[in-house]
Amino acid sequence: MKLSSKLILFITGSKLAIVLLFIISLPFLVNEIVSQYITYSLRTQQDKVIRIIHKNGIDYYLQGDNNYGSYTMLKEEYIALEPAAANSRIDTIKTARRVVERDTLNYRILMHTFNFEHKNYLLEIGKTTSSINQYSKPLQRIALYVLMGLIVLSLLFDLFFTRVLIRPLGKIIKSKLINRKFPFKDQPSKVPTSTQDFKYLDESLILLMEQINEAFEKEREFTANASHELMTPISILQNKLENMMGDEQLNDDAVMKIADMMKTLDRLKKISGSLLLISRIENEQFVKSDNIQPVQLLNEVADEISHRLEEKKLSININLKASKTIKGVNHDLLFQLFYNLINNAIKYNVNNGSISISDEESGKGHYTITIKDTGIGIPPEELPFIFDRFRKANLGQNVGYGLGLSIVKSIALYHGITINVNSEVQKGSTFELHFPKPSL
């Protein structure tokens with residue numbers, strides 16, 4: 001999963017967790033808010049009553065009576081004023097029951113004693129709990145709507161911010177990693193970003209790509225030089241050994257030893273030639289300007305290698321579309337590619353076996369050539385390494401130098417050909433060559 005997707009999921013999950021927690025705690029929060037508001041309202045009324053008494057006198061409420069009481073029409077609020085004991089000190093708010101005109105109701109009551117003209121009075125201001133609770137549900141609904149709106153807005157902002165924040169990382173991945181073919185030919189450019197971590201990652205990848213290119217160039221140059229320089233002394237040694245073979249004074253034992261030395265030199269010459277060919281392919285020293293017909297090319301390969309087929313009594317069936325043409329390729333390299341694959345199909349085949357070559361063209365413009373044999377197959381653990389140099393997946397048989405499939409891989413990469421291999425021990429192997437659209 002992409003980093004941006006993970007961030008979005010995390011942000012969304014955290015928001016939903018906050019919403020759930022808020023919904024659970026909302027009734028308690030609203031009740032606390034309402035309670036604080038009622039307390040504030042009762043204190044405000046208390047201050048108002050005391051200011052009126054100090055301004056207009058206690059008779060403004062008592063009017064000659066010993067106490068005073070008043071309530072609203074629906075009995076939701078009431079106010080009471082009466083003398084209190086001289087040493088009484090009360091200042092509290094609590095929930096209690098009061099009887100108003102034979103109705104017993106629950107009130108939130110403020111009780112406060114104060115002194116006026118050397119007399120102590122008790123002030124009670126009450127508000128029914130039912131009238132208090134009627135504010136809770138509307139407040140909860142409004143708070144929930146506001147919260148949901150804020151969550152949606154914050155999610156939209158987070159999504160936008162996350163995309164803007166992660167965008168440089170996507171550019172780094174796209175420009176440095178996705179669809180990048182080794183060796184890297186163009187000089188990678190820095191991705192502009194204000195995020196220090198992304199900047200460090202981008203610079204590190206550029207440095208790593210440069211180091212890989214440099215190491216690859218040195219290895220490629222060494223392989224080419226070593227292979228090229230070895231050819232001359234090998235040829236000189238071969239000539240000298242051939243001259244020695246012509247010496248009539250040598251006994252049979254010496255002749256056999258010289259013959260073994262010549263075989264070793266011939267093997268070394270073939271290895272050097274193969275390494276030099278791989279190096280030239282990787283250095284792109286071959287021109288891709290030929291147009292070939294696969295059926296014609298494969299028939300040429302079959303004619304070239306027909307003596308090998310006869311030795312093991314193998315049958316080969318080439319069933320390709322005669323009209324198919326592949327453009328912008330190198331004829332000699334593709335000949336070498338198919339020669340090596342068919343040569344392996346012969347080498348690791350069984351006597352009286354068969355080789356079948358077919359092609360397939362999909363409606364999307366994809367073209368595939370399949371080479372299938374009835375040979376000894378390749379063990380599953382060896383399949384990932386069969387294209388490595390000097391790696392032989394032949395079930396322990398001492399044949400070949402392990403460079404044939406490396407040459408095939410180099411030619412395929414040079415032409416943009418993808419190779420898929422399927423194999424089963426003692427049942428045979430199948431090589432599928434998928435050609436790119438531009439070459440068709």
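Glutamine 63 is exposed in this predicted model, with a relative accessible area of 64%. This residue sits in the loop that runs between helix 2 (59–62) and strand 1 (68–71). Its backbone deserves a second look: phi is positive, at about 50 degrees, although glutamine 63 is not a glycine. Most residues other than glycine have a negative phi. A comparable entry is found at histidine 118, another residue other than glycine, where phi is positive and near 65 degrees. Histidine 118 also belongs to a loop, here the one between strand 4 (103–116) and strand 5 (119–128). With a relative accessible area of 79%, histidine 118 counts as exposed.

Positive phi values also turn up at glycines that follow helices. Glycine 57 comes after helix 1 and has a phi near 95 degrees, while glycine 416 comes after helix 10 with a phi near 75 degrees.

Helix 1 itself covers residues 3–56. Its 54 residues, at 1.5 Å a residue, should span 80 Å, and the C-alpha atoms at its ends are 73 Å apart, so the expected and modelled spans agree. The helix carries a kink of about 50 degrees at serine 25, shortly before proline 27. Buried positions in helix 1 include Ile11, Lys15, Val19 and Leu26, and the list goes on through Val30, Val34, Ile38 and Leu42 to Gln46, Val49, Ile50 and Ile53. Two of these buried residues, Ile11 and Lys15, are touched by aspartate 158. Aspartate 158 lies in helix 4 and is buried as well, because its relative accessibility is 16% and the limit for burial is under 20%.

Helix 4 (residues 136–176) also holds a pair of phenylalanines, 157 and 161. In total, seven aromatic pairs were counted in the model. Among them, phenylalanine 157 and phenylalanine 161 form a stacked pair, with 6.2 Å from centre to centre and 10 degrees between the planes. The two residues are separated by about one helical turn because they lie four residues apart in helix 4. Phenylalanine 157 is exposed at 54% relative accessibility, whereas phenylalanine 161 is partly exposed at 46%. Elsewhere, Tyr60, Tyr61 and Tyr68 are linked into a cluster by ring pairs.

Tyrosine rings also meet lysine charges. Lysine 288 lies over the face of tyrosine 414, 4.4 Å from the ring centre. Similarly, the charged end of lysine 324 is placed over the ring of tyrosine 367, at 5.2 Å from its centre.

Tyrosine 414 is one of the buried residues of helix 10. This helix comprises residues 404–415, and its 12 residues should span 16 Å at 1.5 Å a residue; the end C-alpha atoms are 17 Å apart, so the two values agree. Helix 10 is mostly covered, with nine of its 12 residues buried. Besides Tyr414, the buried set holds Leu405, Ser406, Ile407 and Val408, together with Ser410, Ile411, Ala412 and His415. These buried residues pack against helix 6 (252–282), strand 8 (326–329), helix 9, strand 11 (418–424) and strand 12 (428–435).

Turning to the nonpolar interior, the largest core contains 47 residues, of which Phe338, Phe431 and Leu433 touch the most other members. Helix 9 (residues 331–347) supplies the largest share of this core, nine residues. A further core of 19 residues lies apart from it, with Leu26, Tyr61, Leu62 and Phe116 among its members. Leu26 is also among the buried residues of helix 1, and Tyr61 belongs to the tyrosine cluster described above. As for leucine 433, contacts beyond four places in sequence are made with Leu337, Phe338 and Leu341, with Tyr367, Thr368 and Ile369, and with Ile417, Thr418 and Ile419. Tyr367 thus appears twice, as a contact of leucine 433 and as the ring beneath lysine 324.

A last loop position is glutamine 187, located between helix 4 and helix 5 (196–245). Glutamine 187 counts as exposed, at 57% relative accessibility. Its C-alpha atom is separated by 9.2 Å from that of methionine 209, a residue 22 residues apart along the chain.

Notes: Residues are numbered from 1 along each chain as its sequence is written. This is a predicted model: local features need pLDDT of at least 70, side-chain atom pairs count only at pLDDT 80 or more; totals for chains, interfaces and linings use all residues. Side-chain values use heavy atoms; hydrogens and water are left out. Rings of Phe, Tyr and Trp (its six-membered ring) pair if their centres lie within 6.5 Å; planes under 30 degrees apart count as stacked, over 60 as edge-to-face and the rest as tilted. Buried means under 20% relative accessible area, exposed over 50%, partly exposed in between (1.4 Å probe, protein chains only). A charge sits over a ring if NZ of Lys or CZ of Arg is within 6 Å of the ring centre and within 35 degrees of the ring normal. The expected span of a helix is 1.5 Å times one less than its number of residues. The bend at a residue is the angle between axes fitted to the seven residues ending there and the seven starting there. A nonpolar core is a set of buried Ala, Val, Leu, Ile, Met, Phe, Trp, Tyr and Cys residues joined through side-chain atoms within 4.5 Å. Contact means heavy atoms within 4.5 Å.
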